[in-house]
Amino acid sequence: MRVGDRNYRTIWLADDGETVAVIDQTRLPHRFEHLALTSCEDAAKAIERMAVRGAPLIGATAAYGIALAMRSSPTESGLQQAYTRLLATRPTAVNLRWALEEMLGSLRDCPPEDRQSTAYARAAAIADEDVEINRAIGRHGLPLLQEIAARKNGAQVNVLTHCNAGWLATVDWGTATAPLYRAQGEGIALHVWVDETRPRNQGASLTAWELGQQGIPHSVIADNTGGHLMQHGLVDIVITGTDRTTRTGDVANKIGTYLKALAAKDNGVPFYVALPSPTIDFGLTDGVAEIPIEQRNPDEVAKITGETEAGTIETISVLPKGSAAVNYAFDVTPARLVTGFITEAGVAEASVEGLADLFPDRATTC
Ligand code: MRU
C-alpha cells in the first residue's frame, strides 16, 4: 500500500537477497523507518518488542526468522532452536505457530545444504499467500459495504474498526481494511471511526496513519466512544481483525474488541471479523477458556509515547506514583456476538458449520 508516493509491503528482502527488511512500527506515525533483520534473534526481538505486529505479519516475520537461522545453523538442532525461540515471542496470534509449522514441514526432509534456499523460498511464499488471502478478503467484504451504500442512497458508509488490522498488520492490504480499500477503489464514500486502542494506540498511531496515506476519511475516537456512536446511528458496520479464532467461531482480538461487539449487538449494528484461514485454530472449541491471552508490561498502560511540539519523541507517565497497572493485550468475543466472518473463501457464519463449510480440509484434519 501507499506511503507517500511509493508502494510498500511491510516485509521484504534487501538488495543482498538475505537481509530481511521491515517497517519499524514502534516509530510510527511520527517516523517512517526500516529495520534490517540479519539473524533469527533479530526477528524474534522485532516480534517481541512489536516493531512488527499483527497476526499475519508476526507469522511472515517468524517464517523469515527461520530462513535467517538456516544461514548459520541449518542442522536439526539449529532448526529446532529457531522454532522454539520464535514460538515463544508472542502467545495469542496463532499465525505464529501456523507459519513455523509450515516452515518445519518444508525443511524437515530437506538436506542441510538445501535448507537455506528452501527456507527463503517458503517464507516468500507465505508472505505472497498472505497478500492473496487479504486481496480475496477485500473482494468478499466489498458487497457488505456496497449493500450499505445502496441502502443509504450513496451517503457515506461509517465503519468502526479496532486496533490495527490494516496492511501494517499483514504483508499487504490488511484484513479488516481490505474491503475498505476495495470499496474506495469502487468509489464508495467511506468514513472510518478508528478506536485509539490503548494502551499501545495501534488505532491512533497505525490505522489512522495508513488510512491517511491511502486518503480514506477517518476520525480517531477514544476507546469508550463506540457505544455512544452506535446508539446514535453513526456506525453502519464494525469490522475488526482477529489473532486466533476457534473452530466454533470465538474470536480473540485486541483488548476492547469484546466491548465493541456487545455494544454492536445491543444496537443492531453488524459486527464482522475479517478472518484469514491461518488465523483459525481448529483445535480449540471454547475461546474464553482455551485461547492464551498475552499479558504485557504494565508500563504500556502507565506510560504514553508521542511527539512534542518541538518534534522530539518522548514517553511520559500518566499514573500517580505507586498505582499498579495491569496489561491484558487481548480479549475473546464469543461467536454469538459475531455477525459473520469475511474470509478468503467467502463470508461465513460464526459457527462450527460456517467455518467447516468454507475450510472442510482443515476442519477435518484437526
Ligand atoms: O498486539 P497487536 O498489535 O499485534 O494486535 C493486533 C491485533 O489485535 C489485530 O487486530 C490482529 O492481529 C489482526 S491483524 C490482521
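Where is the place of C163? In this predicted model, C163 belongs to the loop that runs between β6 (157–161) and α6 (178–185). Its backbone deserves a remark, since phi of C163 is near 65°, a positive value in a residue other than glycine.

**Cis peptide bonds**

Two further backbone features concern prolines. The peptide bond that leads from L28 to P29 is cis, with omega near 10°, and P29 itself is found in the loop between β4 (20–23) and β5 (34–37). Another cis peptide bond joins R198 and P199, where omega is about 10°; P199 is found in the loop between β7 (190–195) and α7 (202–214).

**The ligand and its surroundings**

The ligand is surrounded by 18 residues, of which the closest are A55, R90, D243, N253 and K254. Sorted by class, the shell around the ligand holds seven nonpolar residues, seven polar residues and four charged residues. Among the side chains that place an N or O atom at a short listed distance from a ligand oxygen atom are those of R53, N253 and K254, as set out in the table.

| Side chain (N or O atom) | Partner | Distance |
|---|---|---|
| R53 | oxygen atom of the ligand | 2.9 Å |
| N253 | oxygen atom of the ligand | 2.7 Å |
| K254 | oxygen atom of the ligand | 2.7 Å |

Taken alone, the ligand exposes 420 Å², and the protein buries 100% of that area. The space that the ligand takes is the largest cavity. Two elements give two or more residues each to the shell around the ligand, namely α2 (55–72) and β11 (251–254).

**Position relative to the domains**

Why does the ligand lie between domain 1 (2–129) and domain 2 (139–363)? The reason is that both domains give residues to the shell around the ligand, so the ligand lies between them.

Taken together, the description of the ligand site joins a shell of 18 residues with a ligand whose exposed area, taken alone, is buried to 100% by the protein, and with polar partners that include the side chains of N253 and K254, two residues that are also listed among the closest to the ligand.

Definitions and conventions:
Residues numbered from 1 in each chain as written. Predicted model: local features only at pLDDT ≥ 70, side-chain atom pairs only at ≥ 80, totals over all residues. Heavy atoms only, no water. Near = heavy atom within 4 Å. Polar contact = N/O pair within 3.5 Å; in protein donor to acceptor, adjacent residues only side chain to side chain. Areas by Shrake-Rupley, 256 points an atom, 1.4 Å probe, with all protein chains shown as cover. 1 Å grid on protein atoms, 1.4 Å probe; cavity = no way out; pocket = protein on both sides within 12 Å on 5 of 7 lines; lining within 4 Å. Sits in = over half its atoms within 2 Å of the grid points. Helix = DSSP H or I, 4+ residues; strand = E, 2+ residues; numbered from the N terminus. Nonpolar A, V, L, I, M, F, W, Y, C, P; charged D, E, K, R; others polar. Domains from an automatic or database assignment.
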